[in-house]
Amino acid sequence: MYTLYVLTGCQYCAKVKQAIARLNLAVEEKNIADSTAAEEVENLGGQLQAPYLYDHDAKMGLYGSEQIIRYLEEHATKA
């Protein structure tokens with residue numbers, strides 16, 4: 001299971017969301033404009049930054065659109 005932390009209006013987040021749609025993946029999305037989601041991403045990754053993808057199965061996360069897309073292309077299974 002994946003959770004993608006985004007911020008409305010973020011072009012890098014939009015890029016990741018397009019890749020998720022192209023790959024036909026089921027990904028939970030949380031907006032860091034919400035204080036609870038902001039706290040989660042800081043606790044998981046150490047920074048309040050989006051996009052951030054957390055892979056619950058691997059118990060690891062990634063910042064950066066290019067790194068996230070590459071990771072999903074290599075590791076994700078389709079929904």
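Let's start with a single pair: the side chains of Thr 3 and His 56 are joined by a polar contact of 2.7 Å (an N or O atom pair within 3.5 Å, where within protein one atom must be able to donate a hydrogen and the other to accept it, and residues adjacent in sequence count only if both atoms are side-chain atoms). This is a predicted model, in which local features need pLDDT of at least 70 and side-chain atom pairs pLDDT 80 or more, while totals for chains, interfaces and linings use all residues. Residues are numbered from 1 along each chain as its sequence is written, and side-chain values use heavy atoms, leaving out hydrogens and water.

Thr 3 sits in strand β1 (strands are DSSP runs of E with at least two residues, helices runs of H or I with at least four, numbered from the N terminus). Thr 3 is buried, with a relative accessible area of 1% (buried means under 20%, with a 1.4 Å probe and protein chains only).

Now to the core. The largest nonpolar core has 25 residues, and Tyr 5, Leu 53 and Leu 72 have the most contacts inside it (such a core joins buried Ala, Val, Leu, Ile, Met, Phe, Trp, Tyr and Cys residues through side-chain atoms within 4.5 Å). At least two core residues come from each of β1 (2–6), α1 (11–23), α2 (35–45), β3 (52–55), β4 (60–63) and α3 (65–75). The largest share, five residues, is from α1.

Finally, look at α3, where Ser 65, Ile 68, Ile 69, Tyr 71 and Leu 72 are buried. They lie on the same side of α3 because they cover an arc of only 160° around the axis (taken from the directions from the helix axis to the C-beta atoms). The buried residues of α3 pack against β1, α1, β3 and β4.

Technical notes
Buried means under 20% relative accessible area, exposed over 50%, partly exposed in between (1.4 Å probe, protein chains only). Contact means heavy atoms within 4.5 Å.
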